[in-house]
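Good morning, and thank you for coming. Please look at the structure as I show it, and follow the residue names with me.

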Amino acid sequence: MTVKPKVAFYWCASCGGCEETVVDLGARVLDVVAAVDIVFWPCALDFKTADLAALADGAISVAFVNGAVRTSEQAHMAELLRRKAACVIAFGACACHGGIPALANLTSRERILQRSYHASPTVDNPAGTEPRESTTIDGHRLNLPAFADTVHKLSDVIAVDYSMPGCPPTPDNLWQAVNLILTGKLPPRGAVLGSVKSLCSSCPRNDSRPDDPTIPKIRRLIDVVVDPATCLLAQGLVCMGPATRDGCGARCIEGNMPCTGCYGPAADVQDQGARMVSALGTILQNDAGDQGTAALDDPAGTFYRYTMAASLLGAERKDV
Amino acid sequence: MGRPRTAVFLCNCGPNIAGAIDLDIIAGQLASRQDVAVVERHALLCSPDGQQFFRDTLQNRQVDNVVVVACSPKMHEKTFQDLAGEAGINIGHVQMANVREHCAWVTPDKATATAKAQLLINAAIRRSLISENLEQRSMEVNTDVLVIGGGLAGIEAALTAAAAGRKVTIVDREISLGGAVIKTEEVAPSLECAPCLLAPRLAAVRDNSNITVLTRAEVTEVRGFYGNFTVRVRRQARAIEPSCIGCEACFEVCPVTVPSRFHLGLGTHKAVYTLFPGSVPAAAAIDKSACRHFTDGTCNACVEACPFGAVNFDQPDDESEFAVGAIVVATGFSSWDPRSISALGYGTVPDVYTLPEFERLASSNGPTHSEIRLRDGRAPRSVAVVHCAGSLRPDAIPYCSRVCCLGALKVGELVRKQIPGATVTNIHHDLVLTTPREQAFYRRQAHEGTRFLACTDLAAVQVRTGDHGIRVEGPGFEPVEVDMVVLATGLQPAAGTRELAGLLNVELDADGFLKPDHAVLHCTGASLDGIYVAGCAAGPCDLPTAVTQGQAAVGDAISKLMPGRRINLEMMTSVIDADLCAGCRLCKAACPYKAVSFDRERKVCVVNEAICRGCGTCSAACPTGASKARHFTDAQIHAEIGGLLHG
């Protein structure tokens, strides 16, 4: 009897959507379970860190790690998984590029604590208590993970073998990856498991793009009745599709919503946001002036929604 | 293949660099670098001796990359690229570190300058390590000329180029040539008959086998650059074949009458028409929006009347593409429309005309066959000419058109010649008469009876219906009442100038005329090499200037476009990686030279490297990194920035 490959799933700083992808495999999840041994999946099954630590180094064939890394616990788990797994896959936008949690890099640790524990209107904290890494009460010591200055993508913390972007990656993406693993057809280490092109290549609206794509100004979704057949960029909406890796199946576009960029930059691009800004600059009419971009309330959150931890912008404070 | 071997040359540039930067320290550091194989220093590397040294060193030392630590690449990059080429090193592997202009000359403290130079050199070395070959290609220049606009300036430009044996194409929107000048009767101050002046030139155009005339035509696309433009022209069918000689037999039978644009709406022509007898081309044209064959299919009269069988309702519109080496824009002007300033009475008070309209009334090819008449058919007994109508005011034309004064003076001449005893009054402020002949013309008009009333504020002039005619009043003069008022309106850019400038990728000035490359030294060159401008397309000018500019533009163009001459194509072109391109086409929109096209079959964009100028705009626009500017790839620029930031 052949030994089934051991697989681990873990989440760091993330919303749980990536875990949902595994569940969304539907009936196929049974095939996965039949083909592999899931040895660690705290979100769904009752495993403890000690179970993981007890495994021999390199015993896990593949660890799917989602989420960004900010706390000392996340960093510790990432390192532990790295030790135990022969292959680590950064699974989902947060692990690949920082994702939504990395938008916190636009502010500081102090301001986050200030807001969350003092200033927020819903906070009632008369004693001004803040979380501490170590607290002793009645002789008992309570330890909390350290809260770092910066949110990191997984590859900042440990060596990552493959990346699978997406918020979350689709079940099909996962299914394909599992098949690559089972058939031993994984590409060379370091690869992104996905397309090298951008979303426009598979966009059902690609043909509708006008020859002259210039737009007088950027418009917000709430300001327009979105034409369901025409290129969203040509309608003045910030569709991140041109600067975003293909692979999602254009689900948002099919839902008549612009791409928000969750699959990160295309293959040869370092900074997705800068690329998109540069591209938009070329299609905004020359005389658009400030009005052209007046509707862009949140440029960083628009162009770097999922990639702040991987961006050239860096962070307000970087503790690398 | 081992690691690339890099040679670094340090130039003292006399005391320029060596005096401000400690090159000993730099040479010492370079010698200890693993990625630098050769370090050489010279007192003046661009001198004959220095160049010899540079070439010999490269030949003897087996290096892959060269970094020249010297002056601005604008000074000597080409010098050292060529020398490196002679030594067998591809010029793509030559990198300048500009430590003179960017460092020695602007950094007073020697220690600071030395530290800064180290960073600049480090950036250049890092970049050179990933430099790639560049290929020099060349092509023979196209010596043909396109002239846009068949008025006086365009005609003279075309004839000048054709005389040099060049193939010329004139493209004009109208159905025949002649522009604005053909609409006037006599040109001041010589009072030569304008149609007579132009007729032999038009005939010369017609008979010149080097000149092709495309009428009812517009340029729709221009790609390429000096010596290598590809032009697309769309031509509207005239529904009349070139076998038509303009005999006018069809005019009599055509049942439809339409207002004539040529007569500025003051007269009419039939739905089949020419602008004037003897036009070039001679063939008539059919106004499809009016012709009954096209509107309701009920009329065939012209077909039956034509002795030459020239009417062809099925003639298709056509679009053609051809190559030229240079383009002369001679699209003329449009006259300012006074309707926007109601005080001038235009459009509300009958018998208030613009100067061009008056010219049409006085023209032998005009609607009244040169009889100056009021709308009711009477001859005016008194005429007032209002100078600067709409000019020199921010709400209309902010500038002086400098040619209207002369035209305004001509009104007296023409009126008196036809209507003995008629009075002419010119209401003016400044009189812009810039040559002795023009001033003599003014004195003669004053002597022969034109009355001149100086107005202190022409913007306050009111023209309205009075008790005994049209009343003109304003500050500084006693009101007058006259039969006819002529508004000396200024000149504006021709309709469509902005769109044309967009097609040609040339700049406009603040008033919307084509901006010259240099107002003094290159006033007939537009802002892009190989595009020229002549006549009023560049701003209001008189006829001799229009002619001179037409000739000068072509002279400059053809002196560079000599047959057999080759132009080097850009080496640092962009390339698009088809594997990465998603077909978003933003690069196509960004390219100012229209060098990018979309391959519909493969759904990727492709760069035409014969047209690409290497500006890199497409690479900046490309959201996927598929478009790469040779010699300026992201990796190379990142390496350079990295070298600057991390000494």
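How many residues of chain B are in contact with chain A? The count is 25 residues of chain B, set against 23 residues of chain A, where contact means heavy atoms within 4.5 Å.

Before I continue, two remarks on conventions. This is a predicted model, in which local features need pLDDT of at least 70 and side-chain atom pairs count only at pLDDT 80 or more, while totals for chains, interfaces and linings use all residues. Residues are numbered from 1 along each chain as its sequence is written, chains are lettered from A and ligands numbered from 1 in the order in which they are written, and side-chain values use heavy atoms, with hydrogens and water left out.

Let us begin with the interface. Chain B and chain A bury about 1,900 Å² between them, and 48% of that lies on carbon and sulfur atoms. Buried area here is the accessible area (1.4 Å probe) that two parts lose on being put together, summed over both. In chain B, the residues that lose the most area to chain A are Arg585(B), Leu586(B) and Pro623(B), together 27% of what that side buries.

What holds charged groups opposite each other here may be counted by rule. The rule finds 3 salt bridges across the interface of chain B and chain A; a salt bridge is a side-chain nitrogen of Lys or Arg within 4 Å of a carboxyl oxygen of Asp or Glu. Arg275(A) forms a salt bridge with Asp634(B), and their closest N and O atoms are 2.2 Å apart.

Which elements of chain B give two or more residues to the side that touches chain A? They are α17 (586-590), α18 (617-621) and α19 (634-645) of chain B. Helices (H or I, at least four residues) and strands (E, at least two) are DSSP runs, numbered from the N terminus. The largest share of that side, 4 residues, comes from α17(B).

We turn now to the interior of chain B. The largest nonpolar core has 47 residues, and Val147(B), Leu202(B), Ile211(B) and Val328(B) touch the most other members. Such a core is a set of buried Ala, Val, Leu, Ile, Met, Phe, Trp, Tyr and Cys residues joined through side-chain atoms within 4.5 Å. Buried means under 20% relative accessible area, exposed over 50%, and partly exposed in between (1.4 Å probe, protein chains only). Among the elements that each supply at least two residues of this core are β6 (145-148), α8 (194-207) and α16 (543-560) of chain B. The largest share, 8 residues, comes from α7(B).

Next, chain A as a whole. Its secondary structure comes to 11 helices and 9 strands. Of the 320 residues in chain A, 46% are buried.

Finally, some details of the backbone. A cis peptide bond joins Cys167(A) and Pro168(A), with omega about -10°; Pro168(A) is found in the loop between β9 (162-164) and α8 (171-183) of chain A. In chain B, the peptide bond from Val280(B) to Pro281(B) is also cis, with omega near 0°.

Is Ala250(A), in the loop between α8 and α9 (251-254) of chain A, buried or exposed? Ala250(A) is buried, at 3% relative accessibility, and has a positive phi of about 50° although it is not a glycine. Asn505(B) has a positive phi near 65° and is likewise a residue other than glycine; Asn505(B) is partly exposed, with a relative accessible area of 31%.
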